[in-house]
Amino acid sequence: FFAKPWVFVRGVPALKFLPPEGPPEIAFAGRSNVGKSSLINALLGQKGLARTSNTPGRTQELNFFVPDGYGTVEAGLPPIVLVDMPGYGYAKAPKEQVDAWTALVFDYLRGRPSLKRVFLLIDARHGIKANDEEVMSLLDKAAMSYQIVLTKTDKIKPPAVERLVAETLERTKKRPAAFPSLIATSSEKGGGIDELRGAILSLAE
Ligand code: GDP
């Protein structure tokens, strides 16, 4: 289904607007500018589906995407649903916005059996930052399985990527809900995209 076009189905600003529980959901989280939109677009082979560069202050929504052609009674439910979470860590974000993000995301993480895994994106140039640690703590607390995805690995040299992979795994190995492996990607060069697709496919129905 990665060969098919995908479509945006709904933006969820509050939990009462969530679609009913159903097919497995996979969510993408990361700091603003981590390369989340670019990664989703690379993954789905589509430009402009996920909007690149979150406008700070924009309504914070969970954005739901499904392969095209599902949703009618005849077609049935999609095998998988991708959820683009609002970016976090924008330096100038007012406290209310940070609190709103945490409330929306934590409630979603904790109360959503359909959600199978969160891919937590980390910019290869920066590594894990303090607010990424906070989000990992949130995920651990919600007992929600998450896997680190390094982004923009084309921006650093291969030995530096190797070092970062080892260092990142070392930093996450004591975290209860963290996945024991990570995926290094470049949306620009295509590295790691097939591996990420494989990880997603393994969770589809
Ligand atoms: P978002 O805010 O997390 O959705 O981030 P975007 O996808 O908008 O990307 C932020 C910036 O990083 C943009 O200027 C992208 O062109 C750039 N970018 C994203 N992915 C890559 C990548 O894999 N390699 C390189 N070199 N730049 C990237």
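Two strands pair if DSSP finds at least two bridges between them. Keep that in mind for the views below, which show a predicted model.

**View 1. The whole chain holds 5 helices and 7 strands.**
Starting at the N terminus, the elements come in the order β-β-α-β-β-α-β-α-β-α-β-α. The radius of gyration is 16 Å, close to the 17 Å that the globule rule gives for 205 residues, so the protein chain is as compact as a globular protein of that length. Along the principal axes, the C-alpha atoms fill a box of roughly 50 × 40 × 30 Å. Of the 205 residues, 36% are buried. Among contacts with a separation of 6 or more, 78% join residues 24 or more positions apart. As for confidence, the mean pLDDT of the protein chain is 91, and 95% of its residues reach 70 or more. The model also scores ipTM 0.99 and pTM 0.94.

**View 2. An open sheet is built from 7 strands.**
Read across the sheet, the strand order is 1-3-4-2-5-6-7, and the pairing is mixed. Strand 1 (6-12) and strand 7 (183-184) are the edge strands, each pairing on one side only. Strand 2 runs parallel to strand 5, and 6 bridges join them. Here you can find Ala29 standing opposite Leu120 of strand 5. Strand 2 also pairs with strand 4 in the parallel sense, over 4 bridges. In that pairing, Glu25 has Val81 of strand 4 as its bridge partner.

**View 3. Strand 5, helix 3 and strand 6 form a right-handed β-α-β unit.**
The helix of this unit covers residues 130-141. Strand 5 and strand 6 run parallel and are joined by 6 bridges. One residue pair to look for is Leu121 with its bridge partner Val149 in strand 6. Of the 9 residues of strand 5, 7 are buried, so this strand is largely enclosed by the rest of the structure.

**View 4. The largest nonpolar core has 49 residues.**
Leu120, Leu121, Leu139 and Val149 have the most contacts inside this core. Strand 5 gives the most to the core, with 6 residues. Take a moment with Val149: leaving out residues up to four places away in sequence, Val149 touches Phe119, Leu120, Leu121, Leu182, Ile183, Thr185 and Leu196.

**View 5. Helix 1 (residues 36-43) is largely enclosed by the rest of the structure, because 6 of its 8 residues are buried.**
The buried residues are Lys36, Ser37, Leu39, Ile40, Ala42 and Leu43. What covers them includes strand 2 (25-30), strand 4 (81-84), strand 5 (115-123), strand 6 (146-151) and helix 5 (193-201). After the helix comes Gly45, with a positive phi near 60 degrees.

**View 6. Ser114 sits in the loop between helix 2 (95-110) and strand 5.**
Ser114 has 15 other C-beta atoms within 10 Å, so this residue counts as partly exposed; a buried residue would need 20 or more, and an exposed one would have 12 or fewer. Although Ser114 and Pro24 are 90 residues apart along the chain, their C-alpha atoms are separated by 5.0 Å. Setting aside neighbours within four places in sequence, Ser114 is in contact with Glu21, Gly22, Pro23, Pro24 and Glu25. You have already met Glu25 in View 2, where its bridge partner is Val81.

Key: Residues numbered from 1 in each chain as written. Predicted model: local features only at pLDDT ≥ 70, side-chain atom pairs only at ≥ 80, totals over all residues. Contact = placed C-beta atoms within 7 Å. pLDDT = per-residue confidence, 0-100. Right-handed = clockwise from strand over helix to strand, strands pointing away. Core = buried A, V, L, I, M, F, W, Y, C linked by C-beta atoms within 7 Å. Rg over C-alpha atoms; globule rule 2.2 N^0.38 Å.
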